[in-house]
Amino acid sequence: MIDSADPALTRTIVRARADLLGAPRAARQYRHLLLDGGSDDVTVEVHTTVFTDPAMLSLLTRPTDPACTSGAVSRDQSGQWLAEQRRRAEADRLLIAVPVFVAAVSAPA
């Protein structure tokens with residue numbers, strides 16, 4: 001999750017980056033894949049890290065290049081979006097939240 005004045009553009013950038021992953025929605029499937037594989041007592045939890053420090057701006061440059069390369073956004077759109085994020089960071093308004101899903105199964109008795 002990235003706070004932005006242009007949520008539609010933000011979604012486009014994030015989706016374009018996710019589309020380059022082999023299984024961009026794998027975390028959503030953890031539970032049912034483990035159950036389908038024969039595991040019992042499957043639990044899933046999420047741990048979310050929130051970044052507000054300007055030093056974390058580098059996290060936001062990573063998705064923009066693939067979004068441009070794929071044609072999802074233009075270099076101009078990417079540059080404007082990154083400029084907004086830099087302004088947010090300078091004004092102590094940066095907000096990036098990264099969820100990490102963790103799945104566990106009980107060991108057989």
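Gln 85 is buried in this predicted model, its relative accessible area being 0%. The residue belongs to helix α4, which covers residues 75-90, and its side chain comes to 2.9 Å from the backbone oxygen of Asp 3. When neighbours within four places in sequence are set aside, the residues in contact with Gln 85 are Ile 2, Asp 3, Ser 4, Leu 57, Leu 60 and Leu 94, so that Asp 3 appears both in this list and as the partner whose backbone oxygen the side chain reaches.

Two aspartates in loops have positive phi values although neither is a glycine, and the table sets them side by side.

| Residue | Phi | Loop | Relative accessible area |
|---|---|---|---|
| Asp 41 | near 50° | between α2 and β1 (43-51) | 53%, exposed |
| Asp 92 | about 60° | between α4 and β2 | 55%, exposed |

Asp 41 counts as exposed because its relative accessible area, 53%, is over the 50% cut-off, and the same cut-off applies to Asp 92 with its 55%.

The largest pocket has a volume of about 1100 Å³, and 28 residues line it, with Met 1, Val 14, Ala 18, Val 98 and Pro 99 lying nearest its centre. At least two lining residues come from each of α1 (7-18), α2 (26-36), α3 (58-69) and β2 (96-104), and among the contributors α1 gives the most, with seven residues. Sorted by class, the lining of this pocket consists of 19 nonpolar, two polar and seven charged residues.

Technical notes: Residues are numbered from 1 along each chain as its sequence is written. This is a predicted model: local features need pLDDT of at least 70, side-chain atom pairs count only at pLDDT 80 or more; totals for chains, interfaces and linings use all residues. Side-chain values use heavy atoms; hydrogens and water are left out. Helices (H or I, at least four residues) and strands (E, at least two) are DSSP runs, numbered from the N terminus. Buried means under 20% relative accessible area, exposed over 50%, partly exposed in between (1.4 Å probe, protein chains only). A polar contact is a pair of N or O atoms within 3.5 Å; within protein, one must be able to donate a hydrogen and the other to accept it, and residues adjacent in sequence count only if both atoms are side-chain atoms. Contact means heavy atoms within 4.5 Å. On a 1 Å grid over the protein atoms alone, a cavity is a set of points where a 1.4 Å probe fits but cannot get out, and a pocket is an open set with protein on both sides within 12 Å along at least five of seven lines; lining residues have an atom within 4 Å of a point. Grid points are joined across faces, edges and corners, and a volume is the space filled by probe spheres set on the points. Ala, Val, Leu, Ile, Met, Phe, Trp, Tyr, Cys and Pro count as nonpolar, Asp, Glu, Lys and Arg as charged, and the others, Gly among them, as polar.
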